[in-house]
Every structure is written in structure tokens, then in C-alpha cells.
Amino acid sequence: MLYKGLELDRFQEEAIAAINRDTSVIVTAPTGAGKTVIAEYAVEKCLEENRRVIYTAPIKALSNQKYRDFYAEYGDKIGIVTGDVVLNPYAQVLLMTTEIFRNTIFDDIERLQDVSYVIFDEIHYINDIERGTVWEESIIFAPQHIKFVCLSATIPNINTFAEWMQSVRDIDIETVEELKRPVPLEHHLYFKDYGIGDVKHIAALRSRAQRHGRKPRKPDPRNKKPVKGLPSDFIETRLVPHLRREKKLPCLYFCFSRKGCEANASALVFGSQLQLLNKKQKAEILRQFDELCVQFDIVEEKKITEFRRLVSCGIAYHHAGMLPTLKEVVERLFTSGLIQLLFTTETFAVGINMPACSVAFDSLEKFDGIEFRYLKAREYHQMAGRAGRRGIDTIGYVYAQIIPEYADSGEIKGVVAEKIEPIESQFNLSYSSILNLYQKYGDDIYDVYTMSLSNHQNRVRVANLNKQIEKKTEKIQTLPEPECIHDGIDGSEQIQKHYRHKRDIEKKIRRLHVEIAQVKSETRKKKQEKERVKRLNAVHKKIILLQRETEQSLCEGCQHLQTCTNRYKAIRREEERLQKLKKRTTIIENDPRQQIAARLKVLEELGYIEAQAVLPRGSTASHIYGYEIQLTQLLFSGVFEKLTEDEINCLMVAIISEPRKDGYFKRLKNERLLDLLSAVSSEISFIQYLEVKHKVTEITPMLELRLCTAMLAWSRGCEFDKLEKYAHLDAGDFVRNFRLVIDQLRQIRRAMAGHTALVDKLNRCIEKINRDVVDAERQLRIGQESLDETTAADGIDTNESLPIAPEESDDAETESAVLLSS
């Protein structure tokens, strides 16, 4: 089958056939296999049949890219709604984050009545610990007439996933699975300071590195032992020169810290003077870079001069700490094929269609916010899948850097293996989701859990555990029991009684030994000798009596004691294992329901629900997604009316900011504002008290004041490049946090519709923040010369759901970056 001049692969044809049959379809295929074609076909079909379609993506960057791609082809038939941008929200094809879709289901489900298809790009995000529940809730609660096109990287348990999805959807669901890549990959390990090999070389290189260190040492004439050479099939080389020499550029080089990205790029350009472009290419990339910087109005921004030097060598970096506009410049330059080596964090692997000839990993370990750990196989293959450009490369090359003396061969084999972890449910209803569902279902809300993927998977787990319990019970029944030689005495009861009594005696004797030490301490003086002897004798008599008590046991001195003991311990050991299995079963069956019950109790004590009814506070909180309890408490206590616009913005940034232990920040000195923030903290402390009381697992976070002075300055008109005086933060982090505040303010504005004075004040708050580089809509409009004038999000009441949707998860930094050598 031909589509847009391309001969389709089998899996693409099968998926398109399912769409033509008007069924839902789940498509799993390796990264870069061509899943996007299926989504494009679904969009085109809906346009031809004058039906609406929604395209959801896990991150805003991917939503923006898809918007530009579709807009270039279909013009004003395309719209976008994210937490940052609302353009043409009633368009026939609407791009949005998955959070927006879920929130629309809860807020105004009638707006989805004319939607035919919803496309879930990167559906394996349902496995994401923090956000996976959003995909699950969307699938469960979306109107039943909606059909889904679910696109995913490889899902090992696709049949289980499809079974669950079919159990909650009326329309038939078909599955299409493709395991073969159009461009096969070669996986290699780069042993730092040694060269290129693979898993089989780990032991030899580790031994050599541990013996001689990474840096070659001069031979010791006293050492008679010969030095083993490197394996014959091992390539001694540095990585980047190898890629250049073997014509395996361009390369996406994944680092797991921002500092690592910048340090590696700078080391090659400013340290090693590496040049990857010829004169013509250099002139062309500088022309494009300068034009894009003018277009995005970032010519005067810091680091632009330094960045220009990097791109002139065909090298760049890309991470969440950069200005969003500069990131877009990098993306466009990489798409042009002129950037030969791009150091980037892992979010570049999510959805954005920018493949390369090769992919390299700075490490196979990363810091996940809690600890350093090896990558999961899914994470590795998601990034590795960017290697190999279809129609250009016959093979894609993947290189993972390891430090040989510390290499764990078992862990490394697990990462690079083809066996990918199955997806697991992360179903976890937030307060706002619970309120929306409670409004609809009342006390039957617990039945909602039975519809979740979690419950579907747990049924299988419980069934397996019950089989283990049955086998364990049968095993216990076959074990020989203790047999007492005395008539009429139950052997098991007697040996149990014997050891219980023995433990009691030993405990009492230990206490008496403590008493002996106390007596000696209290009667140390010579004149107290008689008293000491008298008291010690009394204690020793008690010990002797207790020891005699032990000897009176029927088991003491019995020739069968050891046999009975071994049998008793064997039964006890298996019974303890049986109890652990039963406890695990109970937890799996009851814990999710208990968490829903715990949150309901908190909501009831706060006055959000009562007698199966949602009260005014609950109704307000149900329209706010993220920080809903804190914000609702403040709204109903009149805090927002008391504050100025600048102070509201300061409060909001304290609510949405995540705690940071490092970096300078200017402390807030406004006494009035500090007193108010202290009162807000007390309010949050009370919420936390209720959550602890009712055993809620995820506790509401406290305020974080590090960005308060920076937000106050920005809200009062400060220039962007002056913000570093108030906090040492990457430019991209300032933008991201300020946009999150705008997102939350828009949600509050929607929830408080009808309160004209407050809505007007919130509009002014948004205007004070949403300017220059923070204005996401402005960034999206740049370069869209034919874009019709569309009403901005702040200019109309779209009634849309605009939740917090964390754009990128790569902003956790490690302490050090490993520099590359050329």
C-alpha cells in the first residue's frame, strides 16, 4: 500500500486497516519504525469525513512540534491546547497534552461528543510513576463512542494491556505488533580510555583497569608477570574520533545531567579544538543560526556568542535548563543535518522526530531524584532507537560509555538486553479526580478502582499468589509433625510450649543480670559490702530457681528433642512464608481502596464532601488539577482578595516550586508577605496533619520560597537577564516555573468564574508574568508566517482544562560531568 508516496510496512497497513474498520487500535513498534504515519492517516481520514480528532502527546514540546507539522499541511483546521498555549481551540484537529484531555473529560465531557478519534502518542507513558494515572483515567472515563489510536514503543505485555483496555471500552480494540526495526542497530560498549568492544570484553577490561588504573602506567622492571594485551577483536580508540573517522555522524550523545551536556560540548570545541564541518557547512550553519536568533529575538541573550562558536564546529547541546527558544533553534539546526554531534538529556528521545546515524550514552547510570541507578531496558532502547535514519542508513550504531574498573556486567547485560520491562499500572487518583468521581458515583467510587489496569493486573497477581498459598498449605500438611513420647501429649503443642516457656525464662534471667549490675553499681563503697552480698545472693537464688523451672519441662533432656525441634522449626518456617504471601495478597487487594478512603476522609474533615454530596469547596477543587487543596483553602479564606497581583504571583511560585538544596537565592524581606506565607504554611501543615492521621501515602508539599524574590522582580517588570541576581537558576527553569504559575492561575480563573473582581485580578497577574521569553504562545507563533490571528488564551474564556503537565523530567542534575577527549 502506498501512502504519501511511501510504500507502507506490514504493521502500518494492518493499523490503517483497523482504522478503516472504525475500531480502536494499539500499535507497538520500535522507536523510529514509522508509527507516526498511522496517526497522520487517522487525522487525514477524520478531516476527509469531517469528523473531529484529538492528538495527545506526553510533553508540550512534542505537542508543539506536531502542531507545526500538521499546521504546515492543513492550516487553520489545526488547533492546540496546552497549559501554556491555546490556539484555535475549536479546530477539527486539536493537539493537546494528555492531562488536558483527562481534565476535559472531568470538566466538560459534552465538548467531546463530536470527537471521533483520540490519538495517544507514546502510550507507554502509562508506566510513568508520576503521570501514568492520567492515561489510565483518560481511557476509563472517555465517552464510549470515542475510538483510540494508541502508539507505543515495544510493550512486552501488550495482550494483557489490550485485554484490560477492551474490558473498559465498548468499541472493539485491535492490536498490531512490530518487533523488527527498519534500520537494524549495532550495540557496542565504549570502555573509557581504552576503546570499543562489547559485553564479552567487560571481565578482561575490568581486570586490566583494576590492576593498572585507567591511565597506562610505565612497565615495572621488577614485575616479571607479562601484561595481557587487549582482546584481538577490541578496537583501541577514542569514541568521537572513531565516529568521525568511520562516518557515523551525526550522533545524539545522551548525558544524564545538564552540566554534562555543556561540559562535554565545551571540552571538544574550546579544549580539543574539534571541527566537524567544512567551510561551506560552517558558513551555512552560521547563516541559519544567526537568522533563527533574530527570528526568535535571542541575539542579545547570554551564552549566544559561546553557543555560536559551538555550532560553527557542528557541535551543540540541548537540555531543559536552556531557554525554550534556544532549544527550538537547536532542534531546527539538527533537523537541517548540519549539527554533527548533539549532547542532550533523555527527553530528546521522547517522540520528537530527530533521528541520527549514531547514538551514544555518556553512562548507563543516572540519578533518578533519589539514587544513582542503572537505566531500565525500556529507557535504554527508547534512546538507542534514535539511531539509524530510515532511507539514509543501512545500520544504526549505539555506543554506551562505561568505566571498566567499576563495570557491573550483570547490570549492563540487563540494560542492553532485548528483554524490555512490561508496563505496570500507576493508577493513583488525585484529590480533584476523586472529587469529580465522587460527584458522579458517590460511595460507589470504590467500584471505579475495579475498572483500572492496576486492578486488572492485580487480579492476575492475586491469582498467582493464591496458587502459591495453596501449594504452601499443601506442603505444610505433608511435613512431619513433632511426636511426644508421653501419652496424651500433643507433640507440636508441647514443643511450642517448651520453647515459649524457655524464652520467657531467658528473658527473666537477662533482667536479673541487669539487676546484678545495678546492685554492684549502687553498693560500690566498702561499708556497703554486707548489703551488696545480701542483695546479690537474693538475685542469684532467683536465677537458680528459674533454671530449675526449665529443667522441669517434659522436653528437657529428652533424646527426641532435636528431632522434634527440627520438625517444629520446619513447619514454623513454612507457616511464616505462608503468612507473608497472605499479607501480600491482602495489601494488593485492599491498598488502592484504602488510599481512596483515606483521601475521602481528609476531604470530609476539610469540608469538601458530606453525605455523598460535594460541597462548594469540593466543587472548586474539582476544577483545579495540581495543588488543588492548598489553593482551594486559600481561595475560601480570602487570601487572594487581600493580596496585590505581585504578591499573588509570589505566593503561587512558592506553591508550585520544587525544593532545591543547592544554589544561591535572595531571601524575601517583605515582612507583610513573610507573615502571610507563614500563615499559608500553617494551613498546609494542617492538611499534612490530616493526611498523616488518615495514612495518605503522598503528602501535600510545603511552600518553597527560593524563587519568591525572582518572581516579585519579574512581576514588577524586571528584565529576564537580571533574574540571576535573585536566584542562581538556569534560564529554562525560570521560564518553566513562571509558565507553571500561569497555568495554575488560569485554572483558578476558570474555577472562580462568576467572581468578576477576582477573575480580573487573576488576568492582571497573568499579564505581569506572560511576557517576553515566558510567553509560550509567542514562541509558537514565530515562524508561522501564514498563521491567522487567533484569540489568545487570556483574551477569551475557552472553558478549557489547563492543568499542570510537567514538560520535561531531565532537570535533576548530577554533581559532575564526565568530559570527553578527542
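Visitor: Why is Phe 372 called exposed?

Guide: Happy to explain! In this predicted model, Phe 372 has a relative accessible area of 51%. Exposed means over 50%, so Phe 372 counts as exposed.

Visitor: And what makes Phe 367 partly exposed?

Guide: Its relative accessibility is 27%. Buried would need a value under 20%, and exposed one over 50%, so Phe 367 falls in between and counts as partly exposed.

Visitor: Why is the pair of Phe 367 and Phe 372 called tilted?

Guide: Let's take it in two steps. The ring centres lie 5.2 Å apart, and rings pair if their centres lie within 6.5 Å, so these two form a pair. Their planes stand at 55°; stacked needs under 30 degrees and edge-to-face over 60, so the pair is tilted. By this rule the count comes to 23 aromatic pairs.

Visitor: Which residues do ring pairs link into a cluster?

Guide: Trp 714, Phe 720, Phe 734 and Phe 738 are joined that way.

Visitor: How do you know that helix 18 and helix 20 are roughly perpendicular?

Guide: The axes of helix 18 (residues 491-522) and helix 20 (residues 561-605) cross at roughly 95°. Angles of 65 to 115 degrees count as roughly perpendicular, so the two helices earn that description. Helix 18 brings Ile 495, Gln 496, His 498 and Tyr 499 to the contact, while helix 20 brings Leu 561, Cys 564, Thr 565 and Tyr 568. By class, that contact has 5 nonpolar, 3 polar and no charged residues.

Visitor: How many helices and strands are there in the chain?

Guide: The chain has 29 helices and 22 strands, and 55% of its 822 residues count as buried.

Notes
Residues are numbered from 1 along each chain as its sequence is written. This is a predicted model: local features need pLDDT of at least 70, side-chain atom pairs count only at pLDDT 80 or more; totals for chains, interfaces and linings use all residues. Side-chain values use heavy atoms; hydrogens and water are left out. Axes are lines fitted to C-alpha atoms, for helices over the stretch in contact, and angles run from 0 to 180 degrees between N-to-C directions. Helices (H or I, at least four residues) and strands (E, at least two) are DSSP runs, numbered from the N terminus. Angles under 35 degrees count as roughly parallel, over 145 as roughly antiparallel, 65 to 115 as roughly perpendicular and the rest as oblique. Contact means heavy atoms within 4.5 Å. Ala, Val, Leu, Ile, Met, Phe, Trp, Tyr, Cys and Pro count as nonpolar, Asp, Glu, Lys and Arg as charged, and the others, Gly among them, as polar. Buried means under 20% relative accessible area, exposed over 50%, partly exposed in between (1.4 Å probe, protein chains only). Rings of Phe, Tyr and Trp (its six-membered ring) pair if their centres lie within 6.5 Å; planes under 30 degrees apart count as stacked, over 60 as edge-to-face and the rest as tilted.
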